[in-house]
Amino acid sequence: MTTKKELTIKTIGLVYNSKSIESKRLADSIQSNLSLDSWICSSIELEKNTNLFKNTDLVIVFGGDGTILRVAEYTSLHTSCTANIQKSIPILGINMGRVGFMTEIQISKISDESILSTINSYIERMSLSNLCQFEDHRSMLQIDINGESLKDNVLNDIVVTRHMNASLVELSVSINKFHLGIYRSDGLIISTATGSTGYSMSAGSPVIHPQSKDFLLQPLVPHMSSNSAIVVPQDASIEIETSNQDLLVSLDGFRNKILKPYSQISIKRSTHITTFLRKSNQFYERIGAFLGLPNSSENFSKTLSKNSN
């Protein structure tokens with residue numbers, strides 16, 4: 001049995017999608033009715049206000065997965081370890097985007113008062129219960145380029161692809177210093193388990209449970225070779241050597257860097273993590289719906305009954 005303990009929640013951050021008027025309106029409305037100390041910031045202004053996270057106990061995100069990715073860049077910097085359990089500042093996602101795999105609360109056609117009540121119920125459980133019951137910890141990736149760490153923590157994926165030309169990309173890939181081969185393709189996706197439901201799945205990779213620490217190597221439209229993904233164990237590193245082209249490396253889809261010819265890239269699991277606040281595990285239900293699978297076990301039972309008669 002898990003021991004209950006009281007935790008003091010002092011400061012809450014609210015971050016809204018800078019491109020959504022409704023996200024800002026709802027964030028302002030919720031903040032004005034919170035009983036705890038709080039701050040509010042748009043996703044695009046986070047880079048200038050990183051000091052806000054220093055003494056923050058929870059960040060509520062109003063937006064979709066893209067907004068969460070921007071927030072996770074900063075909450076993950078506050079990763080700590082207690083009793084051999086890693087955690088960072090928890091994120092509570094309010095889905096105001098399209099897919100919302102990483103969000104927790106769906107707000108379709110409910111009032112601001114109901115949303116506030118739902119948020120308060122999470123805060124109450126977070127204050128009165130052992131957090132380990134309700135936290136969802138996600139692995140991240142780190143990347144070095146030409147021996148220099150970028151100090152960026154990546155929650156979804158790292159994409160190496162062409163830059164300002166339409167030619168094939170040639171990349172020599174090794175895993176744990178053992179040479180794998182040369183990919184001639186549109187690029188490579190190196191994805192976390194969290195990112196396996198994103199770009200890499202569109203490219204044909206399998207879906208990995210988001211709490212897995214393994215990651216994926218997925219080619220993009222390979223030329224005359226298999227497009228099969230490779231699942232890489234959590235303690236491995238991927239080394240990539242580029243050819244005589246300028247390339248682009250994209251981190252979580254919004255942090256982009258130019259790679260000069262003959263660059264050396266090293267990717268491995270980060271020491272930082274992203275933490276989400278949850279009440280239950282909804283992953284299988286959501287991925288089933290996304291894949292278009294019927295989700296009514298009652299209807300399935302009725303179908304079996306009819307077929308047996």
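Trainee: Which backbone nitrogen does the side chain of Ser-205 reach, and at what distance?

Mentor: Happy to start there, keeping in mind that this is a predicted model. Ser-205 sits in the loop between helix H4 (199–202) and E14. Its side chain reaches a backbone atom, the nitrogen of Met-201, at 3.4 Å.

Trainee: Is Ser-205 buried or exposed?

Mentor: Look at what surrounds the residue. Leaving out residues up to four places away in sequence, Ser-205 touches Ser-196, Ser-200, Leu-216, Gln-218 and Ala-229. Its C-alpha atom is separated by 8.5 Å from that of Leu-217, twelve residues apart along the chain. With buried meaning under 20% relative accessible area, Ser-205 counts as buried, at 6%.

Trainee: In what order do the six strands of the open sheet follow one another?

Mentor: Start from the edges. Strand E15 (230–232) and strand E18 (255–259) each have a single partner strand, so one side of each is left without a neighbour in the sheet. Neighbouring strands are turned by 20° against each other on average, direction ignored. With antiparallel pairing, the order is E15-E14-E13-E10-E17-E18.

Trainee: Which residue of E14 is the bridge partner of Thr-192?

Mentor: Thr-192 belongs to the stretch 187–192, which is strand E13. Six bridges join E13 to strand E14 (residues 215–220), and the two run antiparallel. In E14, the partner of Thr-192 is Phe-215.

Trainee: Which strand gives the most residues to the largest nonpolar core?

Mentor: That core has 25 residues, and those with the most contacts inside it are Ile-158, Ile-190, Ile-238 and Ile-240. Several strands supply at least two residues each, among them strand E8 (135–145), strand E10 (157–162), strand E16 (237–242) and strand E19 (264–277). The one that gives the most, with four residues, is E11.

Trainee: How many residues are in the other core, the one that lies apart?

Mentor: First, a view from inside the largest core: Ile-158 touches residues including Leu-141, Ile-143, Leu-188, Ile-190, Val-249 and Ile-267. The other core lies apart from this one and includes Ile-12, Leu-14, Leu-26 and Leu-58. Its residue count is 22.

Trainee: Why is strand E6 described as largely enclosed by the rest of the structure?

Mentor: Check both faces of the strand. Pro-90, Leu-92 and Ile-94 point one way, Ile-91, Gly-93 and Asn-95 point the other way, and all are buried. E6 is therefore largely enclosed, the buried count being six of the six residues.

Trainee: Which residue of E7 stands opposite Ile-94?

Mentor: Let's go through the partners of E6. Five bridges join strand E3 (residues 58–63) to E6 in parallel, with Val-59 opposite Ile-91. Two bridges join E6 to E19, also parallel, and there Pro-90 stands opposite Thr-275. Two more bridges link E6 in parallel to strand E7 (residues 105–106), where the residue opposite Ile-94 is Ile-105.

Trainee: How many of the eleven residues of helix H2 are buried?

Mentor: The cover over the buried residues of H2 includes strand E1 (11–16), E3, E6, E8, E18 and E19. Among the buried residues are Asp-65, Ile-68, Leu-69, Val-71 and Tyr-74. H2 (residues 65–75) is thus largely enclosed by the rest of the structure, and the buried count is nine.

Trainee: Is Lys-151 buried or exposed?

Mentor: It helps to take this residue together with Asn-146. Most residues other than glycine have a negative phi. Asn-146, in the loop between E8 and strand E9 (148–149), has a phi near 55° and is partly exposed at 49% relative accessible area. Lys-151, in the loop between E9 and E10, has a positive phi of about 55°, and at 73% relative accessible area Lys-151 is exposed.

Trainee: Over which residues does pLDDT stay under 50?

Mentor: For the protein, the average pLDDT is 88, and 90% of the residues score at least 70. For the stretch you ask about, the model has ten contacts beyond four places in sequence. The stretch under 50 is residues 1–5.

Note on methods:
Residues are numbered from 1 along each chain as its sequence is written. This is a predicted model: local features need pLDDT of at least 70, side-chain atom pairs count only at pLDDT 80 or more; totals for chains, interfaces and linings use all residues. Side-chain values use heavy atoms; hydrogens and water are left out. Two strands pair if DSSP finds at least two bridges between them. Axes are lines fitted to C-alpha atoms, for helices over the stretch in contact, and angles run from 0 to 180 degrees between N-to-C directions. Buried means under 20% relative accessible area, exposed over 50%, partly exposed in between (1.4 Å probe, protein chains only). Contact means heavy atoms within 4.5 Å. A polar contact is a pair of N or O atoms within 3.5 Å; within protein, one must be able to donate a hydrogen and the other to accept it, and residues adjacent in sequence count only if both atoms are side-chain atoms. A nonpolar core is a set of buried Ala, Val, Leu, Ile, Met, Phe, Trp, Tyr and Cys residues joined through side-chain atoms within 4.5 Å. pLDDT is the predictor's confidence in each residue, from 0 to 100.
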